[in-house]
Amino acid sequence: MKFATELIHGLDPIDAQHGSVSHPIYLSSTFAQRSIDSFGRYDYARSGNPTREALEEAIAGLEKGAVGLAFASGIAATASTLLLFRPGDHLVVCEDVYGGTFRLLTTLFKGWGLEATFVDATDNDAIAAAIRPETRALYLETPSNPLIKITDLSTAVALAKEHGILTIVDNTFMTPYLQRPLELGCDIVVHSGTKFLNGHSDVICGFAVAKDAELGQRLRFIQNAFGAVLGPQDCWLVLRGLKTLKVRMEEHQASARKIVAWLSEQKEVQRVYYPGLPDHPGYDIHNRQASGPGGVLSFELASYDTTKRLLEGVKLAAFAVSLGGVESILSYPAKMSHAAMPPAEREARGIKDTLVRLSVGLEDPDDLIADMARFLNV
Ligand SMILES: Cc1ncc(COP(=O)(O)O)c(C=O)c1O
């Protein structure tokens, strides 16, 4: 099946008993058992729930993994994945990783004994130099957030395999429609499903998908033991959102291309970060490993005043955290996604006070452009 068909018909049978084309929501925390000797497929909903299982199978199928698991948030998926490691272990992490992941690693997991070294993951030598005997994994995001840097996943995987360590990729920005890291040899994909996968800004959720069954079973054990599972009603909303993933991504992306072309010509815009721009340093690598640039871009404005005017004035894009919804969202990384990062660290990573990130929604791009034009070059 091609991707669009898989989104609609990837799960069979949908409801063998009644033929409903939408999954039932099983609002049951426990499942009655018939035999004292062998329990049924479900016993307690933290361990498994049919609605959640439908969603987990869907995401595993789309990412081409053996096991998919749904969590209460993207950060819960990441935190649960990090529980694969032990105190004393070490990770190499891309330096402009999502701010919440940075906070998780530098506070909770650091206190617990898991060390992380942050590197510019566009530089393979920097990744290689950071690997130590106790390193257990590379943790990557490509495109990264908010500077849209591109990491060469195949090279990273080769390096990881050479050292016998895992490669974990946060695939939130691309979704499996545009990029499938497991097919490139990565071991685990994590997602903030809150973003494009659900797509409607009405659910907080996350996923971890393992390429092989053994690793998947270890993650499944953690999911049950740690317990940060996604509730069945939210699972149903994400199942519904997933059905339109392809059409949404195509539209987000087509509009993003148009807006990028316009932004690139504005004199108040100093720089545009988007992997669809041929002068993006990661353009060729991105095109090798993904089938499109996606719907998120960042840009730097000439002054703080213009930045403030734009963020506070624009009507058609919500000035908000998050991305990947049907509505456009303008974010201010310095005070939003990367607020958890100390200002010096942020500055060192190039996340300036004049940097804005735009998640392009499904509005007409001409309307978005006209709205933003009111605040640029005035
Ligand atoms: C790339 C990325 N990964 C992970 C997360 C965390 O996901 P959640 O907010 O669903 O916990 C986010 C949230 O913004 C994100 O942008």
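Reader: Where in the chain is Ser201 found?
Author: This is a predicted model, where local features need pLDDT of at least 70, side-chain atom pairs count only at pLDDT 80 or more, and totals for chains, interfaces and linings use all residues. Residues are numbered from 1 along each chain as its sequence is written, and side-chain values use heavy atoms, leaving out hydrogens and water. Helices (H or I, at least four residues) and strands (E, at least two) are DSSP runs, numbered from the N terminus. With that in hand, you can find Ser201 in the loop between strand 6 (188–192) and strand 7 (206–210).

Reader: Is Ser201 buried, exposed or partly exposed?
Author: Buried means under 20% relative accessible area, exposed means over 50%, and partly exposed is in between, with a 1.4 Å probe and protein chains only. The areas come from the Shrake-Rupley method with a 1.4 Å probe, and for residues only the protein chains shown count as cover. Ser201 has a relative accessible area of 39%, so this residue is partly exposed.

Reader: What is the phi of Lys64, and where does this residue lie?
Author: Lys64 lies in the loop between helix 2 (50–63) and strand 1 (67–71). Its relative accessibility is 38%, so Lys64 counts as partly exposed. Although Lys64 is not a glycine, its phi is positive, at about 65°.

Reader: Which residues does a cis peptide bond join in the loop between strand 4 and helix 6?
Author: Pro143 sits in the loop between strand 4 (135–141) and helix 6 (153–162), and Pro146 is found there too. A cis peptide bond with omega of about -5° joins Thr142 and Pro143. Another, with omega of about 10°, joins Asn145 and Pro146.

Reader: Why do the buried residues of helix 6 line one face?
Author: The buried residues here are Leu153, Ala156, Val157, Leu159 and Ala160. Seen down the axis of helix 6, they line one face because they fall within an arc (that of the directions from the helix axis to the C-beta atoms) of 160°.

Reader: What do the buried residues of helix 6 pack against?
Author: On the other side of the helix, Lys161 and Glu162 are exposed. For packing, contact means heavy atoms within 4.5 Å. The buried residues of helix 6 pack against strand 4, strand 5 (166–170), helix 5 (124–130) and helix 11 (283–289).

Reader: Which element gives the most to the largest nonpolar core?
Author: A nonpolar core is a set of buried Ala, Val, Leu, Ile, Met, Phe, Trp, Tyr and Cys residues joined through side-chain atoms within 4.5 Å. The largest has 47 residues, and those with the most contacts inside it are Leu82, Phe85, Leu91 and Leu138. Giving five residues, the element that contributes the most to this core is helix 6.

Reader: How many residues does the other core have?
Author: This core lies apart from the largest one, and Leu7, Ala60, Val238 and Leu323 are among its members. Its number of residues is 37.

Reader: How much of the accessible area of the ligand does the protein cover?
Author: Residues near the ligand (with a heavy atom within 4 Å of it) include Ser73, Tyr98, Glu141, Asp170 and Cys205. A polar side-chain atom of Thr194 lies 2.6 Å from an oxygen atom of the ligand, while a backbone N or O atom of Gly74 lies 2.9 Å from a ligand oxygen. On its own the ligand has 400 Å² of accessible area, of which the protein covers 90%.

Reader: Which side chain joins that of Ser328 in a polar contact?
Author: Ser328 belongs to strand 11 (residues 328–331) and is buried, as its relative accessible area is 1%. A polar contact is a pair of N or O atoms within 3.5 Å; within protein, one must be able to donate a hydrogen and the other to accept it, and residues adjacent in sequence count only if both atoms are side-chain atoms. The side chain of Ser328 reaches the backbone nitrogen of Gly361 at 2.7 Å. At 2.7 Å, Ser328 also has a polar contact with the side chain of Glu363.

Reader: How far apart in space are Val272 and Leu355?
Author: Val272 is found in strand 8 (residues 269–273), and with a relative accessible area of 15% it is buried. Val272 and Leu355 are 83 residues apart in sequence, yet in space their distance, C-alpha to C-alpha, is 9.6 Å.
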